[in-house]
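Biologist: I am new to this structure and would love a close look at a single part of it. Could you walk me through one strand and what surrounds it?

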Amino acid sequence: MKSLILTILYLAKDTLHRWLSRISSPLARVLVVFFLTLAALAGMGSYAISAKIITDKIVKNGGDTVIMHAHATPESPTVFPRAAELKEILNADSLALVSIGSAADENGSMPIYTFDFQHLGQMLPLMNKNGLPTVLVNAKRQSELGPTTVTVNKEKYQAVNLKLPQDHLLNRIIGQRALLVQPDSLPYGVDISHGAPFLILKMANISSAQEAQHVEQYLRTYMKLDGKQANIISAAAIFKQLEDALSKQLQCRIAFCLGISIIVGILLTALAGIEYRQNEYIYTLMKSFGIRPILLVGAFIAENLLLVFGSAAAALYTFMYAQKFIVTQLLKLGNYSIGLHEITTEIQLIGTTLLICIFISAIPVFIAAHRDIGRVLK
C-alpha cells in the first residue's frame, strides 16, 4: 500500500513538472475544451431558451386556460366540479357560467352570461350593487363606464357598464363586453335551462402537453361519470407540436456534440501519444521496478479528466453567468434566463462525449505502456 501511494505521488509530481516545463500542452487542452464546450452550451442552450420563450408566449396568449363546454339538456342539467375541488386537485382557478344568448347596446352586440347560485360568491364582486344587469367592459376610457341600456329579445333593460379587473379569469373569453345577469333576474324570454353551460379553468402551472392532457382527462372522466359529453379546448395540441419540434432537433444536438468530441479526441490523443513517447524511457524504467502499466495509463486518464472537466466546468460557469446579458442585451429577446435543471440533458450529453474522448485518447498510451521493456531499453 505504501509503495502504491508513493508511486501515485511520484506520477502526480511528474505530471505537474511536465505542465510547468511545457505549459503549452495543458494550456492547449484547457483552451480548446473551454471554447468548444462554451460554443456547445451556447448553441444547445439556445434551444432551451427558445423553447422557454415560446412556452411563455403560449401561456400568456391563453395556453394556461382550459375551457369545457358541456352538452346538457333541460331534463338533465350539468353539474361541474366545485371550484374548491378543482383548486385542490388541478391547482386551477375556475369559473362556471351559462351562455344564454346575446344582447345589444349602443356599441354593438355582446353575449349574455349567467351562473348558478353556488357560484354567487365568485360573481357578486363583479356585479352592480343595486341588482341591475352588469355589462362587463374591457374599458380603455372611463367614459365607457356608467349607466347604459341593453336590448334583449327586443326588450330594453337598464344596465350598468363596469370595468372588468385586468387579471380576472373572464378576460380570457368575453372579448370587449359581456352582459352578466343573476339567475333570479333573467331578461324576459330567456330560459337558463336552454343555455349552454361551460367551465373556464386557469392553470397555475402548465407548460407541457402532458400537463394539459392530464387536465383534459380529469374533466372528461368527471363528465363521463355524470353521464354527459363535453367539448374541451386547451393548448395541449400546441404544446405537443412544440415538443415534437424540439425532439427532432435532438439529432442536430447529437451531431454537434459528436463534432466537438472528434476535435477534442484528436487533440487529446495526439498530445497523450507525444508526451508518453517523450517520457517513455522513464516510464519503462518504472515498469522494470515493478510498477504496473495500468498505473501509467491511469495517470494520463486522471490528468485529462482534471483538465477536460475543469475546463468544461469553467465553460458552464461562464455560460450561466453571461447568458442573461446575451439574451437581454445582444439578442433582445426579453428578460429570460435558464437554470441548470433546464439544460441537464445538454450537460449530460456534452459530459458523456468528453468522457468518451478521454478514454479513447488513452488507447495509444495503453498500447505503448504494454510494449516489451527490452525493446525500449535496448
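Modeller: Happily; what follows starts at strand β8 and works outward to its surroundings. This is a predicted model, in which local features need pLDDT of at least 70 and side-chain atom pairs count only at pLDDT 80 or more, while totals for chains, interfaces and linings use all residues. Residues are numbered from 1 along each chain as its sequence is written, and side-chain values use heavy atoms, with hydrogens and water left out.

Helices (H or I, at least four residues) and strands (E, at least two) are DSSP runs, numbered from the N terminus. Strand β8 spans residues 196-203, and because six of its eight residues are buried, the rest of the structure largely encloses it. Buried here means under 20% relative accessible area, with a 1.4 Å probe and protein chains only.

Two strands pair if DSSP finds at least two bridges between them, and β8 has such partners. Strand β1 (residues 65-70) runs antiparallel to β8 and is joined to it by five bridges; here T65 stands opposite K202. Strand β2 (residues 92-105) is also antiparallel to β8, with eight bridges between them, and S99 faces A196 there.

Next comes helix α5 (residues 209-225), since β8 and β1 are among the elements that cover its buried residues. The cover also includes α3 (83-90), β9 (230-233) and α6 (236-248). Beneath it, the buried residues of α5 are A209, A212, V215, E216, Y218, L219 and M223. The helix has 17 residues and reaches 24 Å from its first C-alpha to its last, close to the 24 Å expected at 1.5 Å a residue; the expected span is 1.5 Å times one less than the number of residues. After α5 comes G227, with a positive phi near 75°.

One of those covering elements, α6, leads us on to helix α2. The axes of α2 and α6 come within 11 Å and cross at roughly 170°; axes are lines fitted to C-alpha atoms, for helices over the stretch in contact, and angles run from 0 to 180 degrees between N-to-C directions. The two helices are therefore roughly antiparallel to each other, a label for angles over 145 degrees. Where they meet, Y47, A51, I54, T55, I58, V59 and G63 in α2 touch I238, F239, L242 and L246 in α6, contact being heavy atoms within 4.5 Å.

Note on methods:
Buried means under 20% relative accessible area, exposed over 50%, partly exposed in between (1.4 Å probe, protein chains only). Angles under 35 degrees count as roughly parallel, over 145 as roughly antiparallel, 65 to 115 as roughly perpendicular and the rest as oblique.
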